[in-house]
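Work through the exercises below with the sequence and the structure open beside you. Try each task before you read its solution.

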Amino acid sequence: MQSVSSVLSDQLIGKEVEIRGWVYRIRSTAKMCFVILRDSTNIVQCVGKIEDLGSERFKALSSLTIESSLSIKGIIRKDTRATTGYELTIKDFAIFCRNENFPVSKDISEEFELDNRHLWIRSREFTSILKIRSTIFKGFADFFYENGYYQVQPPMMVSTATEGGSTLFKVPFFGEEAFLTQSSQFYLETFIYSLEKVFTISPSFRAEKSRTWRHLTEYWHAEGEVAWIGNDEMMKIEEDMIHYILKKVIDQNYEDLQIIGRNVEDLRESLKPFNRMTYAELIEKSESLGMPLKYGDDLGADEERTIMSNFKTPLFITHFPAELKTFYHRPDPSNPAVILCHDLLAPEGYGEIIGGGERIWDLQELRQRIKDNGLREEDYYWYLDLRRYGSIPHSGFGLGLDRLAMWIMHLDNIKKAIPYPRTIRRLRP
RNA sequence: GCCGCUGUAGCUCAGCUGGUAGAGCACUCGCCUGUUAAGCGAGCGGUCGUCGGUUCGAACCCGACCGGCGGCGCCA
């Protein structure tokens, strides 16, 4: 048994091959039928002739329907009339499942596509999306493995919020109330005292009633935490990591990028060094970037989109005012009104994909910030312990892998970047 | 949480300021000597999201509810 892509080869011309898969398209005339067979690797046109198969077998083959499953034995040939350049003349075949009616057809709405994701996944476009996603996830892990990091597994069920309680999912927990994690950052910080350089890829959950093109209720959060480094070094690592992932995708999924219509040259622009700008510089330039802002304004979706339409490569924005960021970020010792943090905004209007920076590592400073934010120290006892015992400078980041995937594939909605999106209005399939 | 849009056949949609529903695709059956999500002919297929109201009469008007999509805030 061979894969479809492996039989599309000059070496096999005139040879008998056997492939199996699903009917991608089927067309028939009185004496011949064309079955375009799909497997995970590619599609190939197979031609069945009544003179080779006999009328009974020919009828069984030519009456197959879309997404029926079968195996085919035949001779491979070069043929420019076939979509992928080669054609298989069918000598024999075996049907596994003949479908009555496959629900997904050429005219489907986005709603129908979402209701039938379990079937839509088979489409050529979504197969490519899944392949690219796979490369992105592997690329993220490989980059960190190759640079001496350890992968760790934080808990998904937690007892406290990371940044505020309103957006947590509640889960019954043996008479107690547990929550689904919305970020693994605090747990990641615990691991650096053992392993120093760690990363994780795990889901995060946000019960925000968001309805936007770039929010999910359950999303894949790639997080890293690194001992002994500051904000600038953290950004350099992230830039190298994004470059690494982009190179892998362009190298390994070039065909898939073509299938989904991604302009690869535009994507290559982001292999160049990323731009960096402080928040204050951004405010100063905001007028000329088409989005007048005043100091203290947060960046919303419109602002990010407008700003990033000016850039072809990602942009780091650093040194946000302290009041715009959560309590654990470290204020700049030379100017405590701003913090040593960064957001990474993706180009082509995509906006924020990473948030990161230095963490406060002084115990008293952290306690003060917890108090200032109206939070309770006892909820963070173990997080404070990290500052009590052998505290060190460190930095980290969180990357939305689905957002990264959406940008890399130039999709217009994050729901197209994940196989089974979870949103306020969608829990199935 | 706020704002907007939407629900008619398996799918995509049409249906005129109210008169008991139609097309294309899919599927089934024919026909066709090379098709490119082919072509031709026939057939199958709908409590018009649900409930209530107005009316002689409702897919259409009114109300409530349910489902979905888009946008904002929040963030990754």
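**Exercise 1.** Determine the handedness of the crossing of α7 and α14, and then describe how the two helices pack.

*Solution.* In this predicted model, the crossing of α7 and α14 turns out to be right-handed. The next step is the geometry: helix α7, which covers residues 231-252, packs with α14 at an angle of about 50°, and their axes are 12 Å apart. An angle that is neither under 35 degrees nor over 145, and that also lies outside 65 to 115, counts as oblique, and α7 and α14 are therefore oblique to each other. Now look for the residues that make the contact: α7 supplies I242, I245, L246 and V249, while α14 supplies L404, W407 and I408. Sorting the residues of this contact by character gives seven nonpolar, no polar and no charged. As background for the spacing along a helix, an α-helix has 3.6 residues a turn, so residues three or four places apart point the same way.

**Exercise 2.** Compare the span of α5 with the expected value, and then work out how α5 meets α14.

*Solution.* Begin with α5 by itself: this helix has 23 residues, and from its first C-alpha to its last it reaches 32 Å, which is close to the 33 Å expected at 1.5 Å a residue. Just after α5 comes G148, which takes a positive phi of about 80°. Turning to the packing, the axes of α5 (residues 124-146) and α14 (residues 401-408) come within 10 Å and cross at roughly 125°. That angle makes α5 oblique to α14, and the crossing in which α5 passes α14 is right-handed. On the α5 side the contact involves I132, R133, I136 and F137, which meet L401, D402, L404, A405 and I408 in α14. These residues divide into seven nonpolar, no polar and two charged.

**Exercise 3.** Is R133 buried or exposed, and which residues does R133 touch?

*Solution.* First place the residue, for R133 lies in helix α5. Its relative accessible area is 8%, and because buried means under 20%, R133 is buried. Finally, when residues up to four places away in sequence are not counted, R133 touches W220, D402, A405, A417, I418 and P419.

**Exercise 4.** Describe the surroundings of Y187, beginning with the helix that holds this residue.

*Solution.* Y187 belongs to helix α6, and with a relative accessible area of 21% this tyrosine is partly exposed. If neighbours within four places in sequence are left aside, the residues in contact with Y187 are P154, P155, V158 and W382. As a last step, compare sequence with space: Y187 and Y219 are 32 residues apart in sequence, and their C-alpha atoms are 18 Å apart.

**Exercise 5.** Locate E196, E348 and P429, and describe the backbone at each of these places.

*Solution.* E196 is not a glycine, and yet its phi is positive, at about 70°. This residue sits in the loop between α6 (185-195) and β10 (197-205), and at 40% relative accessibility E196 counts as partly exposed. E348 is likewise a residue other than glycine with a positive phi, here near 60°, and its place is the loop between β16 (341-346) and β17 (351-358). At 27% relative accessibility, E348 counts as partly exposed. For P429, the feature to find is the peptide bond from R428 to P429, which is cis, with omega near 5°; P429 itself lies in the segment after α14.

Definitions and conventions
Residues numbered from 1 in each chain as written. Chains lettered and ligands numbered in written order. Predicted model: local features only at pLDDT ≥ 70, side-chain atom pairs only at ≥ 80, totals over all residues. Heavy atoms only, no water. Axes fitted to C-alpha atoms, helices over the stretch in contact; angles between N-to-C directions. Helix = DSSP H or I, 4+ residues; strand = E, 2+ residues; numbered from the N terminus. Left-handed = near helix turned anticlockwise from the far one by under 90°. Contact = heavy atoms within 4.5 Å. Nonpolar A, V, L, I, M, F, W, Y, C, P; charged D, E, K, R; others polar. Buried < 20%, exposed > 50% of the residue type's maximum accessible area, 1.4 Å probe, protein only. Expected span 1.5 Å × (residues − 1).
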